[in-house]
Amino acid sequence: MSDILRVGIVGCGEVAQIIHLPTLQNLRDKLRVTAICDVSTKVLDGVGEQFGVTHRFRDYRELVSSAEVDAVLVANPHVFHAEVAMAAIKAGKHVLVEKPMCMSIAEADALIAQEKQAGVVAQVGFMRRYAQAFTEAKRLVQELPDIRLARVHDVIGRNPLIITQINNVIRPTDLPKGAKEELLAKQKEMVTAALGPVQEPLDKTYLLLLGLASHDISAMRELLGLPKGILYAASRGPEGRTVSAAFDYGGFVCQFETSVDTVPRFDAHIEVYSPSRIVRVDYDTPYVRNLPGRLTVLEPGPDGMAQRQVSSTWKDAFEIEWLAFHENVTQGRRPKTSLADAREDLVLFREMMSLIQGGSPAADMRERVVARA
Ligand SMILES: NC(=O)c1ccc[n+]([C@@H]2O[C@H](COP(=O)([O-])OP(=O)(O)OC[C@H]3O[C@@H](n4cnc5c(N)ncnc54)[C@H](O)[C@@H]3O)[C@@H](O)[C@H]2O)c1
């Protein structure tokens with residue numbers, strides 16, 4: 001294999017068109033898109049023409065077995081992630097699977113077992129954890145002598161509020177009638193398979209956790225470790241898309257809050273408080289590329305003043321994520337955002353969903369994660 005990794009993309013929607021394809025074009029010395037797959041011919045040909053990709057498939061099975069492909073980006077809807085990632089791993093391809101890696105712990109276990117057998121690199125697309133502001137924050141948090149409080153906050157406007165203002169995405173408007181309803185039914189079925197019967201709108205709560213909150217919870221775990229337990233979790237609103245929870249770290253509590261609404265803005269941050277230093281990472285929307293991630297450190301300054309130091313960079317988190325993937329594949333390294341790592345989110349989400357539905361908290365989450373890993 002040459003140093004240039006040949007990437008096949010399954011699912012050429014919003015995230016592929018706005019983010020991954022332009023990112024990969026920018027990284028053409030190391031990564032090249034050689035094949036694409038989408039169930040929509042309109043999307044497939046439109047994206048193929050726009051980005052000059054000639055190997056085009058409507059069935060992902062053909063893409064994952066193509067000799068033109070070394071690695072597969074899984075970027076179709078959540079419900080297909082496990083199925084496509086599994087087929088790619090079985091075909092001996094490296095995989096970068098968009099978050100969420102899959103819908104259930106059972107799917108995660110099957111993927112992890114297959115990954116071990118195949119010996120390929122499988123990485124999960126938590127790009128926020130590759131952002132420079134985050135990795136620097138991690139270094140600073142490790143130096144904190146004593147953490148008293150942490151806060152994870154992700155309250156944003158619905159994606160289309162931003163995307164329709166700035167992008168002209170090719171949409172799959174040619175799919176057969178009923179395709180959308182079929183997808184929603186499959187989604188509901190898979191939520192039930194993951195959690196047992198869930199009353200509406202709590203199925204949407206689980207989807208919110210898998211979709212948006214997986215970014216936050218996985219970053220929280222990398223920054224602070226696994227919580228000992230969850231003190232409470234609650235979902236509110238008729239759409240089930242506002243969640244708050246408190247993670248128990250023993251010496252401190254991490255407050256968590258997430259919601260999606262109709263106010264066009266992006267307000268996502270993690271903040272860690274020690275008695276003499278506050279470290280905070282802010283994220284902006286990923287749909288506007290190269291927006292700086294911001295690291296803020298607040299501490300006592302001279303003459304009784306508070307000193308705020310803000311560092312930002314235009315280095316795109318997705319680029320760093322892809323470069324890490326390239327390095328992991330070419331140097332045979334295990335990604336920090338591995339399948340086993342992402343499984344920990346699923347265990348936390350199952351526990352949160354149990355609490356949201358009136359269950360009692362587990363004695364020690366960490367034992368639970370390890371025992372079932
Ligand atoms: N890392 C991030 O910040 C980030 C941001 C956005 C989306 N995502 C993830 O990426 C995934 C895709 O999101 P999106 O917003 O691009 O969705 P989207 O609906 O815009 O695009 C999905 C595309 O997949 C195609 N598709 C559907 N079923 C398919 C199948 N079986 N095989 C091949 N193609 C199929 C659709 O026709 C569509 O073009 C989601 O899982 C989402 O969570 C991650």
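The shell around the ligand divides into 14 nonpolar, 7 polar and 4 charged residues. Here nonpolar means Ala, Val, Leu, Ile, Met, Phe, Trp, Tyr, Cys and Pro, charged means Asp, Glu, Lys and Arg, and polar covers the others, Gly among them.

A word on the source. This is a predicted model, in which local features need pLDDT of at least 70 and side-chain atom pairs count only at pLDDT 80 or more, while totals for chains, interfaces and linings use all residues. Residues are numbered from 1 along each chain as its sequence is written, and side-chain values use heavy atoms, with hydrogens and water left out.

Back to the ligand. In total, 25 residues surround the ligand, each with a heavy atom within 4 Å of it. The closest are Val15, Asp38, His78, His81 and Lys99.

Next, polar contacts, meaning pairs of N or O atoms within 3.5 Å; within protein, one must be able to donate a hydrogen and the other to accept it, and residues adjacent in sequence count only if both atoms are side-chain atoms. Valine 15 places a polar backbone atom 2.9 Å from an oxygen atom of the ligand. Histidine 78 has a polar side-chain atom 2.9 Å from a ligand oxygen atom. For glutamate 98, a polar side-chain atom is 3.0 Å from a nitrogen atom of the ligand. The ligand taken alone exposes 850 Å², and the protein buries 85% of that; these areas come from the Shrake-Rupley method with a 1.4 Å probe, and for residues only the protein chains shown count as cover.

Now the domains, whose bounds come from an automatic or database domain assignment. The assignment gives domain 1 (5–127) and domain 2 (129–314 + 338–372). Each of the two supplies at least three residues to the shell around the ligand. Their centres, taken over C-alpha atoms, are separated by 24 Å. Where they meet, 40 residues of domain 1 are in contact (heavy atoms within 4.5 Å) with 37 residues of domain 2.
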